[in-house]
Amino acid sequence: MEAQGYQQYKQQSVSTMTPGELLIVLYDELVKRAARADIALGQTDYPLFEASVDRCLDILHYLDNTLDNQYPISRELHRLYDFFCYDFSRVKAGRNQAELKQLLTMVGDLRDTFRAAEKDSPER
């Protein structure tokens with residue numbers, strides 16, 4: 001019964017978020033999964049590492065698929081998401097922790113940029 005209440009709360013909180021807030025939640029999850037992949041790789045927990053990288057790729061594909069191509073920035077974001085997907089795939093194949101740390105920094109910076117834009121947004 002308690003789990004059902006939590007699910008209802010979660011559903012309601014998501015349905016009341018602005019598009020910008022939902023975007024931040026996705027970026028937070030992307031950063032969290034990239035950090036988890038970094039920790040797992042450091043501990044040689046390869047199944048968790050690969051699952052975390054796969055989740056990063058899922059999030060990036062979702063973000064790319066939801067771009068509104070009527071805006072010029074969408075083309076630039078598409079190229080950026082494509083780059084991230086390529087690099088996460090390379091990191092997964094080569095288990096390269098130094099490159100993963102660079103990706104983690106970049107996706108964190110992008111998340112922070114969107115968070116600042118959301119804060120300044122008139123929709124709030």
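This is a guided tour of one protein chain, with a selection to make at each stop.

**The whole chain**

Start with the whole model, which is predicted. Show it as a cartoon and follow the chain from its beginning. The protein chain has 5 helices and 0 strands, and the order along the sequence reads α-α-α-α-α. Now switch on the surface. About 8100 Å² of the protein chain is accessible, and carbon and sulfur atoms account for 53% of that area. The protein chain has 124 residues, of which 31% count as buried. Taking contacts between residues at least 6 apart in sequence, 63% join residues at least 24 apart.

**The largest pocket**

Rolling a probe the size of a water molecule over the atoms shows where empty space is left. The largest pocket in this model has a volume of about 530 Å³. Which residues should you select to find its centre? Select P19, G20, L23, T66 and F114, which are the closest to the centre among the 21 residues of the lining. Next, colour the helices α2 (19–42), α3 (46–65), α4 (72–94) and α5 (97–120), the elements that give two or more residues to the lining of this pocket. Which of the elements gives the largest share of the lining? The answer is α2, with 6 residues. By residue type, the lining of the largest pocket divides into 14 nonpolar, 4 polar and 3 charged residues.

**Two cysteines**

Select C56 and C85 and show their side chains. How many disulfides does the structure hold? The count is 0. C56 is in no disulfide, and the nearest cysteine sulfur, in C85, is 9.7 Å away. Why is C85 not bonded to C56? A disulfide needs the two sulfur atoms within 2.5 Å, and because the sulfur of C85 lies 9.7 Å from that of C56, the pair is too far apart for a bond. Are these two cysteines buried or exposed? C56 counts as buried, at 0% relative accessibility, and C85 is also buried, with a relative accessible area of 11%.

**S52, in α3**

Move to S52, which you will find in helix α3. S52 is buried, with a relative accessible area of 1%. Show what surrounds this residue. Apart from neighbours within four places in sequence, S52 is in contact with R33, R36 and A37. Then draw a distance between the C-alpha atoms of S52 and A34. These two residues are 18 apart along the chain, and their C-alpha atoms are separated by 6.6 Å.

**Y81, in α4**

Select Y81 in helix α4. Is Y81 buried or exposed? Y81 is buried, because its relative accessible area is 2% and the cut-off for buried is under 20%. Which residues does Y81 touch, not counting those up to four places away in sequence? They are Y27, L60, L63, D64, L67 and L110. For another distance, pick the C-alpha atoms of Y81 and I59: the two residues are 22 apart along the chain, with 9.8 Å between those atoms.

**L104, in α5**

Go on to L104, which lies in helix α5. Leaving aside neighbours within four places in sequence, its contacts are V31, A34 and A35. A34 has come up before, in the distance drawn from S52. Now pick the C-alpha atoms of L104 and F88. They are separated by 9.9 Å, and the residues are 16 apart along the chain.

**Two loop residues**

The tour ends in two loops. Where is T44? T44 is in the loop between α2 and α3. Its phi is near 50°, a positive value in a residue other than glycine. T44 counts as partly exposed, at 48% relative accessibility.

Finish at R95, in the loop between α4 and α5. R95 is not a glycine, yet it has a positive phi of about 50°. With a relative accessible area of 35%, R95 is partly exposed.

Notes: Residues are numbered from 1 along each chain as its sequence is written. This is a predicted model: local features need pLDDT of at least 70, side-chain atom pairs count only at pLDDT 80 or more; totals for chains, interfaces and linings use all residues. Side-chain values use heavy atoms; hydrogens and water are left out. Helices (H or I, at least four residues) and strands (E, at least two) are DSSP runs, numbered from the N terminus. Buried means under 20% relative accessible area, exposed over 50%, partly exposed in between (1.4 Å probe, protein chains only). Contact means heavy atoms within 4.5 Å. Accessible areas come from the Shrake-Rupley method with a 1.4 Å probe; for residues, only the protein chains shown count as cover. On a 1 Å grid over the protein atoms alone, a cavity is a set of points where a 1.4 Å probe fits but cannot get out, and a pocket is an open set with protein on both sides within 12 Å along at least five of seven lines; lining residues have an atom within 4 Å of a point. Grid points are joined across faces, edges and corners, and a volume is the space filled by probe spheres set on the points. Ala, Val, Leu, Ile, Met, Phe, Trp, Tyr, Cys and Pro count as nonpolar, Asp, Glu, Lys and Arg as charged, and the others, Gly among them, as polar.
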